[in-house]
Amino acid sequence: MPTYSSPEAVDNKLHRLLLEAVPENEHCNKTILHLAKLLDINRWSINKWVRKKRISPQRVLEIVEVSKIKGYDKKGKPILGELRVKREDFDEFVYNF
């Protein structure tokens with residue numbers, strides 16, 4: 001998947017939400033790879049969610065937590081701020097087990 005500096009450039013709504021949630025990386029870009037690293041999962045998994053437009057409830061909660069990260073301190077610890085996405089934003093994509 002390409003790198004975006006603006007989530008609005010993405011056509012797929014789930015992909016756009018994921019890019020809104022992820023904080024900028026060290027190059028000031030929002031990437032699926034960076035989100036995958038923060039969630040400690042494979043980038044392929046996120047690509048699969050985007051392609052199928054489906055995501056598990058647990059992953060949504062993890063993504064909402066990641067969306068609180070607004071930056072990092074000098075020691076690399078996350079600095080938390082306001083949510084960039086809410087759980088409700090993902091409702092149309094959530095599947096039940």
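## Helix 1 and what covers it

In helix 1 (residues 13–21), the buried residues are Leu14, His15, Leu17, Leu18, Leu19 and Ala21. Helix 2, helix 3 and helix 4 are among the elements that cover them. Keep in mind as you look around that this is a predicted model.

The N-terminal end of helix 1 has a cap, and the residue doing that job is Asn12. One of the side-chain oxygens of Asn12 sits 2.9 Å from the backbone nitrogen of Leu14. So Leu14 turns up twice here: its backbone nitrogen faces the cap, and Leu14 is also on the list of buried residues.

## The overall layout

Stepping back, the protein has 4 helices and 2 strands. Reading from the N terminus, the order is α-α-α-α-β-β.

How much of the chain is buried? Of the 97 residues in the protein, 38% are. As for contacts with a separation of 6 or more, 47% of them come from residues 24 or more positions apart.

## Helix 2 and its partners

Now for helix 2 (residues 32–39). Its buried residues are Ile32, His34, Leu35, Ala36 and Leu39. The cover over them includes helix 1, helix 3, helix 4 and strand 1. Just past the end of helix 2 comes Asp40, with a positive phi near 60°.

A quick word on helix pairs in general: when two helices pack, the angle between their axes and the distance between the axes describe the arrangement. Helix 2 packs against helix 3 (residues 43–52) at an angle of about 115°, and the axes are 8 Å apart. The crossing of these two is right-handed. On the helix 2 side the contact is made by Ile32, Leu33, Leu35, Ala36 and Leu39, and on the helix 3 side by Arg43, Ile46, Asn47 and Trp49. Sorted by class, that contact has 7 nonpolar residues, 1 polar and 1 charged.

Helix 2 also packs against helix 4, this time at an angle of about 105° with the axes 11 Å apart. Angles from 65 to 115 degrees count as roughly perpendicular, and helix 2 and helix 4 are therefore roughly perpendicular to each other. Leu35, Leu38 and Leu39 of helix 2 meet Arg59, Glu62, Ile63 and Val66 of helix 4. The class count for this contact is 5 nonpolar, no polar and 2 charged.

Leu35 and Leu39 are worth finding in the viewer. Both are buried, both take part in the contact with helix 3, and both take part in the contact with helix 4.

## Helix 4 and the loop after it

Helix 4 covers residues 57–66, and Glu65 belongs to it. Is Glu65 buried, partly exposed or exposed? With 44% relative accessibility, Glu65 counts as partly exposed. Its C-alpha is 9.1 Å from that of Val85, although the two residues are 20 apart along the chain.

Follow the chain to Ser67 and you are in the loop between helix 4 and strand 1 (69–72). Ser67 has a relative accessibility of 0%, so it counts as buried. A polar atom of the Ser67 side chain lies 2.6 Å from the backbone oxygen of Val64. Beyond its neighbours within four places in sequence, Ser67 is in contact with Ala21, Glu82, Leu83, Arg84 and Val85. Of these, Ala21 is one of the buried residues of helix 1.

## Positive phi values in the loops

Which residues in the loops have a positive phi without being glycine? One of them is Cys28, with a phi of about 65°. Cys28 is located in the loop between helix 1 and helix 2.

Lys53, likewise not a glycine, has a positive phi near 55°. This residue is in the loop between helix 3 and helix 4. Lys53 counts as partly exposed, because its relative accessibility is 43%.

## Toward the C-terminal segment

Finally, Asn96 sits in the segment after strand 2 (78–80). Asn96 counts as exposed because its relative accessibility is 69%. In sequence Asn96 and Ile55 are 41 residues apart, while their C-alpha atoms are 9.1 Å apart in space.

Technical notes
Residues numbered from 1 in each chain as written. Predicted model: local features only at pLDDT ≥ 70, side-chain atom pairs only at ≥ 80, totals over all residues. Heavy atoms only, no water. Buried < 20%, exposed > 50% of the residue type's maximum accessible area, 1.4 Å probe, protein only. Polar contact = N/O pair within 3.5 Å; in protein donor to acceptor, adjacent residues only side chain to side chain. Contact = heavy atoms within 4.5 Å. Axes fitted to C-alpha atoms, helices over the stretch in contact; angles between N-to-C directions. Parallel < 35°, antiparallel > 145°, perpendicular 65-115°, else oblique. Nonpolar A, V, L, I, M, F, W, Y, C, P; charged D, E, K, R; others polar. Left-handed = near helix turned anticlockwise from the far one by under 90°.
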